[in-house]
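Got the model open in your viewer? Set it to cartoon, keep the selection box handy, and let's walk through it stop by stop.

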Amino acid sequence: MRTRITTLAVTAVAAVAMVLGTASTASAVGGGYTIRGHYASQAECQAAGAAGAAAHIWSPLFICQPFAAQPSVYELWVRY
């Protein structure tokens, strides 16, 4: 019984991860951009993008956009 519950829990977690991964891919900016993080606000995302660019971790070209699966979360997309 415990094995079945564990298997069901693992399957459910994997399904949620796949859905979130697909939602992130669906909102992909494309053109050489890579997702670098998720932030609670547009301001936090912009600050993280600017800090990474200032530290030369990525180029000054970055985009903050709402996460498709949860619009209150912002994705940081950067170019290296």
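The tour goes from the overall layout to a helix, the sheet, a disulfide, a core and finally a loop.

**Before you click**

This is a predicted model, so local features need pLDDT of at least 70 and side-chain atom pairs count only at pLDDT 80 or more, while totals for chains, interfaces and linings use all residues. Residues are numbered from 1 along each chain as its sequence is written, and side-chain values use heavy atoms, with hydrogens and water left out.

**Stop 1: the whole chain**

Start with everything in cartoon. You should find two helices and three strands, where helices (H or I, at least four residues) and strands (E, at least two) are DSSP runs numbered from the N terminus. Trace the chain along the sequence and the pattern reads α-β-α-β-β. Now colour by accessibility: of the 80 residues in the protein, 25% are buried. Buried here means under 20% relative accessible area, exposed means over 50%, and partly exposed is in between (1.4 Å probe, protein chains only). As for contacts (heavy atoms within 4.5 Å), take those with a separation of 6 or more: residues 24 or more positions apart account for 56% of them.

**Stop 2: helix 2**

Select residues 42–54, which is helix 2. It has 13 residues and spans 18 Å from first C-alpha to last, close to the 18 Å expected at 1.5 Å a residue; the expected span is 1.5 Å times one less than the number of residues.

Which residues of helix 2 are buried? Show sticks for C45, A48, G49, G52 and A53. These cover an arc of only 130° around the axis, so they sit on the same side of helix 2; the arc is taken over the directions from the helix axis to the C-beta atoms. An α-helix has 3.6 residues a turn, so residues three or four places apart point the same way. Spin the view to the other side of helix 2 and you'll meet A43 and A54, both exposed. Spin back, and you can see what covers the buried residues: strand 1 (34–39), strand 2 and strand 3 are included.

**Stop 3: the strands**

Strand 3 (70–78) is next. Strand 1 runs antiparallel to strand 3, and five bridges join the two; strands count as paired if DSSP finds at least two bridges between them. To see one spot in that pairing, select G37, which stands opposite L76 in strand 3.

Now go to strand 2 (residues 62–67). Strand 2 is also joined to strand 3, antiparallel, by six bridges, and a hairpin of two residues connects them. Pick F62 and its bridge partner V78, then C64 and its partner L76.

**Stop 4: the disulfide**

Stay on C64 and add C45. The two form a disulfide, with their sulfur atoms 2.1 Å apart; the cut-off for a disulfide is a pair of cysteine sulfur atoms within 2.5 Å. By that rule, the count is one. C45 is in helix 2 and C64 in strand 2, so the pair ties together parts 19 residues apart in sequence. Turn on the S-S torsion: at about -95°, it makes the disulfide left-handed.

Are these two cysteines buried or exposed? C45 is buried at 0% relative accessibility, and C64 is buried as well, at 12%. Beyond neighbours within four places in sequence, C64 contacts Q42, C45, Q46, E75 and L76.

**Stop 5: the core**

Select C45, A48, A53, W58, C64, L76 and V78: these seven residues make up the largest nonpolar core. Such a core is a set of buried Ala, Val, Leu, Ile, Met, Phe, Trp, Tyr and Cys residues joined through side-chain atoms within 4.5 Å. Helix 2 and strand 3 each supply at least two of its residues, and helix 2 gives the most, with three.

**Stop 6: the loop after helix 2**

Finish with H56, which follows helix 2 and has a positive phi, near 60°. H56 is in the loop between helix 2 and strand 2 and is exposed, at 72% relative accessibility. Put a distance label between the C-alpha atoms of H56 and Y80: they are 24 residues apart along the chain and separated by 9.1 Å.

Last selection: S59, found in the loop between helix 2 and strand 2. S59 is buried, with a relative accessible area of 17%. Not counting residues up to four places away in sequence, S59 touches A53, R79 and Y80.
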